[in-house]
Amino acid sequence: MNPRRDNRNNRVALFDGIEEGGIRAQSLYSSSHEIDEHDNEQAMDGLQDRVNLLKRLSGDIQEEVDSHNRMLDRMGNDMDSSRGILSGTMDKFKMVFETKSSRRMFTLVASFVVLFLIVYYLTR
């Protein structure tokens, strides 16, 4: 192809819409502008959908976190009460072991072991 002809075609395409007092190509611009507006609206709709999705997800995450916090609080309270009961039981055992002499305790434990062995051999 002839480079002069290509140049001329490009110039004709560029200045094709020029008339007296204005540019007829304005309709092409408004059409292009409308396409851009349409693309922008679609992009904004897509972003709005994503924002709504993120909002729902963050709300679900917040509900889940609140639920887990309540469950952990209940577990902590249960552990505290169990610790109190266990501490009371251990204190009672300490009192029993401290008030009895070690010889009496040994005699008591030995008696239970002997009694257990007798019952074991008799039921065998």
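Val-109, Val-113, Phe-116, Leu-117, Tyr-120 and Tyr-121 come together as a nonpolar patch of about 640 Å² on the surface. That's a handy place to start looking around this model, which is a predicted one.

Let's stay with the two tyrosines for a moment. Tyr-120 sits in helix α3, the stretch covering residues 102–123. A pair of aromatic rings is described by how far apart the centres are and by the angle between the planes. The count of aromatic pairs here comes to 1. It is formed by Tyr-120 and Tyr-121, whose ring centres are 5.6 Å apart with planes at 70°, so the pair is edge-to-face. Why edge-to-face? Because planes over 60 degrees apart get that label, and the planes of Tyr-120 and Tyr-121 stand at 70°.

How open are these two rings' residues to the outside? Tyr-120 has a relative accessibility of 45%, so it counts as partly exposed. Tyr-121 has 55%, so it counts as exposed.

Now step back to the whole protein. It has 3 helices and 2 strands, and reading from the N terminus the order of elements is α-β-β-α-α. How much of the protein is buried? Just 2% of its 124 residues are. The accessible surface adds up to about 12,100 Å², and carbon and sulfur atoms account for 59% of that.

Next stop is helix α2, which spans residues 26–99 and includes Asp-39. Asp-39 belongs to a surface patch of negative charge, together with Glu-34, Asp-36, Glu-37, Glu-41, Asp-45 and Asp-49. With a relative accessibility of 39%, Asp-39 is classed as partly exposed.

How many salt bridges does the structure hold? The number is 1. The side chains of Asp-80 and Arg-83 make it, with 3.1 Å from N to O. That counts as a salt bridge because the cut-off is 4 Å. Asp-80 and Arg-83 are 3 residues apart in helix α2, so about one helical turn separates them. As for their surroundings, Asp-80 is partly exposed at 45%, while Arg-83 is exposed at 53% relative accessibility.

Here are the accessibility values from this tour, side by side:

| Residue | Relative accessibility | Class |
|---|---|---|
| Asp-39 | 39% | partly exposed |
| Asp-80 | 45% | partly exposed |
| Arg-83 | 53% | exposed |
| Tyr-120 | 45% | partly exposed |
| Tyr-121 | 55% | exposed |

The classes follow from the cut-offs: exposed means over 50%, buried means under 20%, and partly exposed lies in between. Arg-83, at 53%, therefore counts as exposed, and Asp-39, at 39%, as partly exposed.

To recap the two patches: the negative one includes Asp-39, and the nonpolar one includes Tyr-120 and Tyr-121.

Terms used:
Residues numbered from 1 in each chain as written. Predicted model: local features only at pLDDT ≥ 70, side-chain atom pairs only at ≥ 80, totals over all residues. Heavy atoms only, no water. Patch = residues over 30% accessible without salt bridge, like charges linked within 9 Å, V, L, I, M, F, W, Y side chains within 5 Å. Areas by Shrake-Rupley, 256 points an atom, 1.4 Å probe, with all protein chains shown as cover. Lys, Arg positive; Asp, Glu negative; His and termini not counted. Charge placed at Lys NZ, Arg CZ, Asp CG, Glu CD. Helix = DSSP H or I, 4+ residues; strand = E, 2+ residues; numbered from the N terminus. Buried < 20%, exposed > 50% of the residue type's maximum accessible area, 1.4 Å probe, protein only. Phe/Tyr/Trp six-rings, centres within 6.5 Å; stacked < 30°, edge-to-face > 60°.
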